[in-house]
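User: Hey, I'm new to this one. Can you walk me through it?
Analyst: Sure, here it is.
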Amino acid sequence: MATTTMLPAAGPNWVRRFVPWIRANLFNSVGNSIITVVVGGLVLWLVSALVKWGIIDAVWVAPNMRACQAEGTGACWAFVAEKWRFILFGRFPYDSQWRPALVTVLLFVLTGASFVPKLWRRETAYAWLAAILVSAILMYGGVLGLDYVPSDLWSGLPLTLILSLLSMILGFPLAVLLALGRRSNLPIIKIFCTASIEIMRGVPLITVLFMASLMLPLFLPPGFTVDKQLRALIAITLFLAAYQAEDVRAGLMALPKGQFEAADALGLSYWRKTKSIVLPQAITIVIPPLVGNLIGNFKNTSLVSIISLLDLMQTTQVALIDPNWRGLTSEAYLFLGVIYFAACFAMSRYSQWLERRLNKGKRR
Amino acid sequence: MAVSSIADKGSTTRSSDSRIWNNPTVRGVFWQIALIVAVVGSIYYLAHNAFENLERQHIASGFGFLDREAGFDISEKLVQYEPSDTYRDAFVVGLLNTFEVAGLGVVLATILGTLIGIARLSKNWLLSRMAQTYVELWRNLPLLLQLFFWYALLHVTAPGPRDAWHPLPGVFISNRGLMFPTPEANPTHKFMWIAFFVGIIATIALDWWGRKRQETTGKPFPIVGAGLGLIIGLPLIVFLATGAHMKLDLPSLQGFNFAGGASFSPELTALLIGLVVYTASYIAEIVRSGILAVNLGQSEAAGALGLRGGLILRLIVLPQALRIIIPPMTSQYLNLTKNSTLAVAIGFPDLVFVANTQMNQTGQAIEGIGIIMATYLAISLSISLLMNIYNARIALKGR
């Protein structure tokens, strides 16, 4: 009889595998057992409270917030059900909102495709050019029977996506030039690039946005205006470029000197050397931090709401002003958080995967 | 003859090289002059436009406005300030508020981040997973969204003072902000301060003596324990000897609001929670990678040399881990300071908030933005200067 009780754990296969695991990882000492119980209790309490508030007691359908105000009701998802189209597409004409929706899907698919190393080819760049053209047609309209929509009605998710993707596409070449300039032997170019990078990195993004929104109009010739979306885009692009320039510079510095010397020995000109030998290697080294910057940039575009652009953040703020749906901030921000989190989490996981993949060849 | 094609190519290059515009030095000088001309030209053009615009819109220029009456009140201030004070005073109030948030934020974020970084390395699966979830959750959400969330939680969702949340004794959270107790001043407390400083000086002296003794006799002296005992123990003895005068000034509900204790406004509380929670998720990863980066062989070798646990940590592991941890940590502190400018979105009167008000009132955007940029550049550049000096000092030498 004693032998049967000595057996580790009877029962189905998964129990036999999991009981030792739980013992080894959760209850292997008195201290750890206490930690497990305390942390586990906290997690259970938090999760059950969230489930009760967000699912069990939640109100899913209601004409206005009054139904949500009854005692003991949880989350008011009826608000999100009512407002999701405004939050996603903002002031874009309601009947034409399939156009920004299409643009969003197109940009998401293309961004996803660009993350696949097999597709890092010239054709993908052409696809981006085509996508920008198609997006512009869909957003502006005015041709092919589409109604014209001025750019100050662009809002919500498409605006956030356009700002973050365009700033990246425009900012990266600038970043490469700044990084090369900072590594240059020509003193004036070096000083100029170093100063530009350090000034941009030394100030908060919000000051750069204020510069674009409040100061830039003063510096333009009288009667000449630039719309505020474009001004914000310029600010974000310059800001991102300074940070990416430092990433690229790290790649340039990590490249063995022999590569530069060999290129010089072949008699290649500076630009030939840079284009064919230096940049392809230097940029490959720093792809993971560059993706990290993309995540940061995507989160940073939310700051344009402070200079009252109708991005995803600001459409949510506007939706919350509606007197029929007052005070439902947690629901609105949770909805918004899910969108931002999904995009950023996917990108950060991708970056980790890419780093492992790029390091595979080096780890011998 | 196979050589000839290369030789041909070489000769053509050489012949074109002799032309003046193919000389690298000449090219370099040309491009640099072109850059100077372009920069000076655009500055001249932009300045010319700015003058014309300012004149047309009747906006004054220069920093004369700093001496004029600001005319707006600031809800939170560490120094005396009235709406009738000057813009210069308003900027000082804003700057001090920025320093307050940055200082408190850095300390709290370091504590929270270090705890989570260590929890992430715990052998307890549940704890390390929860720490990982924390990191992944907060760093993948925009800080602005987090600030709006915390602010709404305090400002909209939180109850009024009458049914305030009461998480700890003496701590209240309501839509008026965070109320917490403070120790009531007592004349005997100044003796405790004296004892505290005596403890610090005694520890320094003891450390010096201990080192000397170890050099001559080889006997180590337990300076960490002795020092802590002196610095904490001496004030404690004085505290007990003077009759243990300690009374907490507890916040309590009086009428419609709290009286007593100290309080943080909802804006400051939300800003602090947001900045600390967000920055801690980055600090946790820095701490974790710093600890992991110190090779296990290092502590094993130290053990083989006969060093004991505490000494291994202090002499071998920490110096190496800190070399990795401190530079990224400093840049996180800088980020926190720069991120505190998002205060303007939830209405906490930091430097940017004050400048924004000034720009709206006077229209002098160039000066206002100039002040903010100069301030942040001064902070950033002086910290990177210190960082460069530090890095040069701790850099691995002699390899």
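Analyst: A quick term before we start: domain bounds here come from an automatic or database domain assignment. Also, this is a predicted model.
User: OK, so which domains does the assignment give for chain B?
Analyst: Domain 1 covers 15-56, domain 2 is made of 87-151 + 274-394, and domain 3 covers 185-246.
User: And what distance separates the centres of domain 1 and domain 3 of chain B?
Analyst: Taken over C-alpha atoms, those centres are 65 Å apart.
User: Switching topic: how many residues does each chain bring to the contact?
Analyst: Chain B brings 47 residues and chain A brings 44 residues.
User: Which element of chain B gives the largest share of the side that touches chain A?
Analyst: That's α2(B), with 13 residues. Other elements giving two or more residues to that side include α4 (125-139), α12 (351-362) and α13 (365-394) of chain B.
User: How does that side of chain B divide into nonpolar, polar and charged?
Analyst: There are 32 nonpolar residues, ten polar and five charged on the side of chain B that touches chain A.
User: Now strands. How do β2 and β3 of chain B run?
Analyst: Antiparallel, with three bridges joining β2 (residues 171-174) to β3 (residues 177-180) in chain B. They form a hairpin with two residues between them, and Phe172(B) sits opposite Met179(B) in β3(B).
User: Which other strand is joined to β3(B)?
Analyst: β8 (residues 262-264) of chain B, also through three bridges and running antiparallel to β3(B). There, Leu178(B) stands opposite Phe264(B).

Note on methods
Residues numbered from 1 in each chain as written. Chains lettered and ligands numbered in written order. Predicted model: local features only at pLDDT ≥ 70, side-chain atom pairs only at ≥ 80, totals over all residues. Pairing = 2+ DSSP bridges. Helix = DSSP H or I, 4+ residues; strand = E, 2+ residues; numbered from the N terminus. Contact = placed C-beta atoms within 7 Å. Nonpolar A, V, L, I, M, F, W, Y, C, P; charged D, E, K, R; others polar.
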